[in-house]
Amino acid sequence: MSEKETKKETLRRLFTENGLVKEDVFEDRRGFVIITRTGIDKIVRKNGISLDYEINALEQDWVVMKCEASHPDMGCITSFGEASKDNCTSMAAKFPVAMAEKRAKSRAVLMLAGFYEQGVFGQDEMENNVEFN
């Protein structure tokens, strides 16, 4: 973001640069923007981002997954995703490893691509709190 670019202009530029369309983005009534799973995948593909995963904790009711997102020109970001019956919908709680992976991927990709600093989150982080139209 340049000093003269507003947050709205920065987001518009990031959306355009990453090939995102209206269906990839949801404006939450609480004041932040959410990018869908398909939008996250578009960002990965458009930028040629490499992803590397590692399970950090695997318990009966709790999983923590580490994701490293990297690109030669963008750098490298490591983030984590967690899943348990307490932070997933009943359906997602049946697949805690997959849910932790999605959350870790979403966070790492959005950080690397510059979305996180603009207050943009991934759909899977909001699993219990958002209804998509």
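Two strands count as paired here if DSSP finds at least two bridges between them. With that settled, the predicted model can be walked through piece by piece, starting with its smaller pairing story: an open sheet of three strands, in the order β1-β2-β6, with mixed pairing. β1 (25-27) and β6 (120-122) sit at the edges, each pairing on one side only. From one strand to the next, the twist averages 30°. β1 runs antiparallel to β2 (residues 33-35), and three bridges hold the pair in register. One of the matched positions is Val25, whose bridge partner in β2 is Ile35.Zooming out, the protein has three helices and six strands, laid out along the sequence as α-β-β-α-β-β-β-α-β. The C-alpha trace spans about 50 × 35 × 20 Å along its principal axes. How does the radius of gyration fit with a compact globule, and what value does the protein have? A compact globule of 133 residues would come out near 14 Å, and the protein has 15 Å, so the two agree. Of the 133 residues, 41% count as buried. The exposed surface amounts to about 7,900 Å², with carbon and sulfur atoms supplying 48% of it. As for contacts between residues at least 6 apart in sequence, 50% join residues at least 24 apart.

Helix α1 (residues 7-17) comes next. Thr10, Leu11, Leu14 and Phe15 are its buried residues. They sit on the same side of α1, because the arc they cover around the axis is only 130°. Lys8 and Thr16, on the other side of α1, are exposed. And what do the buried residues of α1 pack against? The answer takes us back to the three-stranded sheet: they pack against β1, β2 and β6. After α1 comes Gly19, with a positive phi near 70°.

Helix α2 (residues 37-47) can be read in much the same way. Gly39, Ile40, Ile43 and Val44 are buried in α2. Their arc around the axis is only 145°, which puts them on the same side of the helix. Turned away from that buried side is a face carrying Arg45 and Lys46, both exposed. The cover over the buried residues of α2 includes β2, β3 (50-59) and α3 (96-112). β2 therefore turns up twice, as it is among the elements packed against by the buried residues of α1 and is part of what covers those of α2, where buried means under 20% relative accessible area. Just past the end of α2, Gly48 takes a positive phi of about 65°.

The strands β3, β4 and β5 follow one another through hairpins. β3 and β4 are antiparallel, with nine bridges between them, and the hairpin joining them runs through two residues. Within this pair, Ile55 stands opposite Met65 in β4. Strand β4 (residues 62-71) goes on to pair with strand β5 (residues 75-84), again antiparallel, over ten bridges. Here the hairpin runs through three residues. Val63 has Ala83 in β5 as its bridge partner. In a regular strand, side chains alternate between the two faces of the sheet.

Ser79 is worth a look in this part of the model. Ser79 is found in strand β5. Is Ser79 buried or exposed? At 7% relative accessibility, Ser79 counts as buried, since the cut-off for buried is under 20%. Leaving aside residues up to four places away in sequence, Ser79 touches Met65, Lys66, Cys67, Ala104, Arg107, Ala108 and Met111. Met65 is also the residue that Ile55 stands opposite. Several of the contacts listed for Ser79, including Ala104 and Arg107, carry numbers that fall within α3 (96-112).

The last stop is the loop between α3 and β6, where Gly114 lies. Gly114 has a relative accessible area of 15%, so it counts as buried. Which distances separate Gly114 from Lys46, in sequence and in space? The two are 68 residues apart in sequence and 14 Å apart in space, C-alpha to C-alpha. Lys46 itself is one of the exposed residues on the face of α2 turned away from its buried side. After this loop comes β6, an edge strand of the open sheet ordered β1-β2-β6.

Terms used
Residues are numbered from 1 along each chain as its sequence is written. This is a predicted model: local features need pLDDT of at least 70, side-chain atom pairs count only at pLDDT 80 or more; totals for chains, interfaces and linings use all residues. Side-chain values use heavy atoms; hydrogens and water are left out. Helices (H or I, at least four residues) and strands (E, at least two) are DSSP runs, numbered from the N terminus. Axes are lines fitted to C-alpha atoms, for helices over the stretch in contact, and angles run from 0 to 180 degrees between N-to-C directions. Buried means under 20% relative accessible area, exposed over 50%, partly exposed in between (1.4 Å probe, protein chains only). The arc is that of the directions from the helix axis to the C-beta atoms. Contact means heavy atoms within 4.5 Å. The radius of gyration is taken over C-alpha atoms; the globule rule is 2.2 Å times the number of residues to the power 0.38. Accessible areas come from the Shrake-Rupley method with a 1.4 Å probe; for residues, only the protein chains shown count as cover.
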